[in-house]
Amino acid sequence: MFVIVSYDIVDDKRRTKLAKKLCNWGQRVQYSVFECIVDKQQYKQMKKEILKFVDVKKDSLRLYRLCNDCKRRIESFGVKHGAEEKE
């Protein structure tokens, strides 16, 4: 499954830890945005791991699970390449 993870974490330390953890799961495509290609079990594990860094009263974390048809509609411009281009 193709997952886009975006976040807004107010604490620098937690934000850095979250970004490092997400590097294990996918590719950073913008400062606070990662693209991940995972199966169902990996998605559950990733979500469990990254939620440890989120304070739901102060922060924002969004996980977008895209279908194959939606994934094909992604348009990318510029030098940064995403995870879908490495499949």
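Valine 29 is buried, with a relative accessible area of 17%. Valine 29 sits in strand β2. The model is a predicted one. In it, the C-alpha atoms of valine 29 and valine 79 are separated by 9.9 Å. Along the chain, these two valines are 50 residues apart. The points below cover the strands, the salt bridges and a charged surface patch.

**Strand pairing**

- Strand β2 covers residues 26–30 and pairs with β3 in the antiparallel sense. Four bridges join β2 and β3.
- Glycine 26 has cysteine 36 in β3 as its bridge partner.
- Two residues lie between β2 and β3, and the two strands form a hairpin.
- Strand β3 (residues 33–37) also pairs with strand β1 (residues 2–8). This pairing is antiparallel and runs over five bridges.
- Within the β1–β3 pairing, serine 6 stands opposite valine 33. Valine 3 stands opposite cysteine 36 in β3.
- Cysteine 36 thus appears twice: it is the bridge partner of glycine 26, and it stands opposite valine 3.
- Strand β1 pairs with β4 as well, in the antiparallel sense, over seven bridges. Here phenylalanine 2 has leucine 66 in β4 as its bridge partner.

**Burial of β1**

- How many of the seven residues of β1 are buried? Six are, so β1 is largely enclosed by the rest of the structure.
- Strand β1 has pairing partners in β3 and in β4.

**Salt bridges**

- The structure holds four salt bridges. Side chains of opposite charge can pair when their charged atoms come close.
- Arginine 15 pairs with aspartate 12, and the closest N and O atoms are 2.1 Å apart. Both residues lie in helix α1 (residues 12–23). They are three residues apart, about one turn of the helix.
- Lysine 21 forms a salt bridge with glutamate 49, with the closest N and O atoms 3.6 Å apart. This pair links distant parts of the chain. Lysine 21 is in helix α1 and glutamate 49 is in helix α2, 28 residues apart.
- Are the two partners buried or exposed? Lysine 21 counts as partly exposed because its relative accessibility is 25%, a value between the 20% and 50% cut-offs. Glutamate 49 is buried because its relative accessible area is 17%, and buried means under 20%.
- Arginine 14 and aspartate 11 meet in a salt bridge through their side chains, at 4.0 Å from N to O. Arginine 14 is partly exposed, with a relative accessible area of 22%. Aspartate 11 also counts as partly exposed, at 32% relative accessibility.
- Asp11 and Arg14 belong to a network of salt bridges that also links Asp59.

**Positive surface patch**

- Which residues form the positive surface patch? They are Lys40, Lys44, Lys47 and Arg65.
- Helix α2 (residues 40–50) supplies the largest share of the patch, three residues.
- Helix α2 also holds glutamate 49, the partner in the pair with lysine 21.
- Arginine 65 is found in strand β4 (residues 60–66). Arginine 65 is exposed because its relative accessible area is 56%, and exposed means over 50%.
- Strand β4 therefore has two roles in this briefing: it pairs with β1, and it carries arginine 65 of the patch.

Key. Residues numbered from 1 in each chain as written. Predicted model: local features only at pLDDT ≥ 70, side-chain atom pairs only at ≥ 80, totals over all residues. Heavy atoms only, no water. Patch = residues over 30% accessible without salt bridge, like charges linked within 9 Å, V, L, I, M, F, W, Y side chains within 5 Å. Areas by Shrake-Rupley, 256 points an atom, 1.4 Å probe, with all protein chains shown as cover. Lys, Arg positive; Asp, Glu negative; His and termini not counted. Charge placed at Lys NZ, Arg CZ, Asp CG, Glu CD. Buried < 20%, exposed > 50% of the residue type's maximum accessible area, 1.4 Å probe, protein only. Pairing = 2+ DSSP bridges.
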